[in-house]
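This report goes through the strand pairing, helix packing and burial of one protein model. Please keep the sequence and the coordinates at hand while reading.

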Amino acid sequence: MTNYDDLPYPDFIHPATHPGNMAAIARLHGVNAPPPESCRVLELACGPGGNLISLATLLPSSHFEGVDFAAGHVKTGNAMIGKLGLTNIELHHAKIEDWVTHPESEQDRFDYIIAHGVYSWVPEEVRQSILAICQMRLSTNGIALISYNTYPGWHQRQMARDMMRYHADGIEDPHQRLRHGKALLSSVAQNVPPGSAYRVALEEELKALDQANEAYISHEQFEDTNRPCYFHEFAAEAGAQCLQVIAEADWGDSTYEQVRPDVAAALASLPKIRRGQTLDFFRRRTFRQTLMCHESVAVSEQRQAAAMQSMHFVTSSNLQGDQITGTNGLSGTVDHPATQQALECLVAEYPASMSYQELCAVVETDEPSSLATLQADLFNLVCVGLVSVSASPTDVCRDVSSHPRATALAREQVLLGETVTNLRHQPIRLDDTTAHLIRCCDGETDHAGLVERMVAYSAANGGLVEGDQVVTGEESLRPLVTAKMTSNLQRLAAMALLVS
């Protein structure tokens with residue numbers, strides 16, 4: 001574990017771990033998950049705590065606890081908690097195994113337990129501890145999320161990992177180790193016949209390595225333990241601890257696109273675990289985020305469309321007439337007027353959410369058949385990822401005030417790196433200029449003051465690109481910054497980074 005103090009793990013944000021998301025999926029499968037607005041959450045191997053800290057700012061009436069064995073991670077996280085003045089979160093420097101204890105009271109149970117990026121990367125006894133904690137410490141209808149590497153996709157990735165580890169054996173410096181490993185993969189790929197299956201596989205792995213965070217790859221590829229498994233094996237291990245699979249935490253992970261209709265029908269007729277495993281073979285899946293609960297809880301095999309009535313909806317999709325197109329590349333046709341009206345309102349309200357009741361109120365009909373169609377259409381749009389759903393509302397500031405204020409978390413995060421977390425618990429990567437604008441949006445500076453601060457920053461950092469020219473000098477920059485200030489602030493609001 002000292003490896004994580006020498007090379008800290010990246011402080012990733014995992015949108016699927018939001019209790020609102022977990023509760024929504026569980027409720028759509030018949031599980032009465034605890035209310036996200038007032039819940040208790042435990043994250044195992046929380047790293048520097050960024051994921052949990054973001055959730056603590058979004059759900060101030062809930063309580064959060066994190067556990068990590070790397071002292072540096074916990075120190076970093078507690079420093080951020082102190083800067084933000086959060087009182088609903090605690091980070092503990094401890095082993096996961098130390099938390100395998102029966103709760104002394106209900107206050108020692110958790111409504112949501114998160115184990116993201118740890119299950120595949122620890123020895124067998126720690127994996128069993130993770131499952132035991134979920135079994136012992138989950139509340140009655142509590143939900144656990146465990147992520148892990150999976151076969152069959154990891155067979156290819158395992159090949160690349162083994163090659164890199166062998167070539168870099170004996171090298172202590174993690175950066176040199178990674179460079180040596182990637183150099184071997186690249187050399188092998190270049191000396192394999194073009195178009196061959198072997199070369200295509202190696203090039204796929206090299207592309208993935210180039211796009212990933214270096215610290216993440218160093219731990220992913222060079223730690224002694226990295227144990228992928230088949231989905232059915234994981235389900236069996238969880239079942240041995242009296243836990244059952246609900247569904248995947250990512251909405252798109254249970255759909256049948258990319259398979260023929262007759263194959264999809266055959267898959268749908270299979271039992272849940274066998275269906276999921278077979279679908280993994282079709283997709284060559286490498287990673288899962290699985291939601292689980294106690295085996296005593298009744299879980300529906302099919303999603304319950306009626307559960308939509310308790311949900312909150314948001315969409316970043318584009319609506320043109322009756323055509324809706326999502327950022328995921330999918331598109332569809334919306335035929336019913338009630339659904340079209342509801343979607344028009346959702347698009348206009350983005351990035352804020354609307355409840356089912358609010359959507360029904362804006363629809364110009366109270367006919368039961370039309371509302372039933374609206375419910376069914378929303379259900380289908382959610383299932384294909386064109387509309388997002390949560391069990392809790394997304395409260396954002398859509399209007400830019402006279403003295404804009406970015407979230408306190410974002411203003412702290414821009415001092416540390418290029419990625420911030422928005423009010424939808426999503427990571428947003430920023431350019432340097434936008435990051436500085438967030439630093440300036442302190443709620444005390446008006447638009448004219450923001451212009452002057454951005455002019456000074458741009459002049460001191462080489463100017464701004466406008467078309468095919470670089471504008472420099474404060475006098476030349478001022479009209480350009482002034483002209484763009486309103487739209488840039490509106491962009492921050494659209495990214496859910498401003499508060500009222």
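Which residue in strand 4 does valine 41 stand opposite? The partner of valine 41 is tyrosine 112. The model is a predicted one, and local features need pLDDT of at least 70.

**The seven-stranded sheet**

Strand 1 (residues 40-44) and strand 4 (residues 110-115) are paired in the parallel sense, over three bridges. They belong to an open sheet of seven strands with mixed pairing, and its order is 3-2-1-4-5-7-6. Strand 3 (89-93) and strand 6 (243-248) are at the edges, and each has a single partner strand, so one side of each has no neighbour in the sheet. On average, neighbouring strands of this sheet are turned by 20° against each other, direction ignored.

Strand 5 (138-149) pairs with strand 4 in the parallel sense and with strand 7 in the antiparallel sense. Tyrosine 112 has isoleucine 143 as its bridge partner in strand 5, while leucine 145 stands opposite leucine 291 in strand 7. Of the twelve residues of strand 5, ten are buried, so this strand is largely enclosed by the rest of the structure. The connection from strand 4 to strand 5 involves helix 5 (residues 124-137): the three elements make a right-handed β-α-β unit.

The table lists pairings in this model.

| Strand pair | Sense | Bridges |
|---|---|---|
| Strand 1 and strand 4 | parallel | three bridges |
| Strand 4 and strand 5 | parallel | five bridges |
| Strand 5 and strand 7 | antiparallel | six bridges |
| Strand 8 and strand 13 | antiparallel | three bridges |

**Helices on the sheet**

Helix 2 (residues 19-28) lies across strand 1, strand 4, strand 5, strand 6 and strand 7 (287-294), and runs at about 105° to strand 4. Helix 4 (residues 71-84) lies across strand 2 (63-68) and strand 3, with an angle of about 160° to strand 3.

Helix 4 has 14 residues, and the distance from its first C-alpha to its last is 20 Å, close to the 20 Å expected at 1.5 Å a residue. Which residues of helix 4 are buried? They are His73, Val74, Gly77, Met80, Ile81 and Leu84. These buried residues cover an arc of only 125° around the axis, which means that they are on the same side of helix 4. An α-helix has 3.6 residues a turn, so residues three or four places apart point the same way. Lys75, Gly82 and Lys83 are exposed on the other side of helix 4. Glycine 85, just after helix 4, takes a positive phi of about 70°.

**The three-stranded sheet and threonine 394**

A further open sheet has three strands in the order 12-8-13, with antiparallel pairing. Strand 12 (354-355) and strand 13 are its edge strands; each has a single partner strand, so one side of each is left without a neighbour in the sheet. Strand 8 (residues 312-314) is joined to strand 13 by three bridges, and phenylalanine 313 stands opposite valine 389 in strand 13.

The loop between strand 13 (388-390) and strand 14 (405-406) holds threonine 394. Is threonine 394 buried or exposed? Its relative accessibility is 14%, and buried means under 20%, so threonine 394 counts as buried. Apart from neighbours within four places in sequence, threonine 394 is in contact with Pro351, Ala352, Ser353, Leu423 and Arg424.

Definitions and conventions: Residues numbered from 1 in each chain as written. Predicted model: local features only at pLDDT ≥ 70, side-chain atom pairs only at ≥ 80, totals over all residues. Heavy atoms only, no water. Pairing = 2+ DSSP bridges. Helix = DSSP H or I, 4+ residues; strand = E, 2+ residues; numbered from the N terminus. Axes fitted to C-alpha atoms, helices over the stretch in contact; angles between N-to-C directions. Contact = heavy atoms within 4.5 Å. Expected span 1.5 Å × (residues − 1). Buried < 20%, exposed > 50% of the residue type's maximum accessible area, 1.4 Å probe, protein only. Arc of directions from axis to C-beta. Right-handed = clockwise from strand over helix to strand, strands pointing away.
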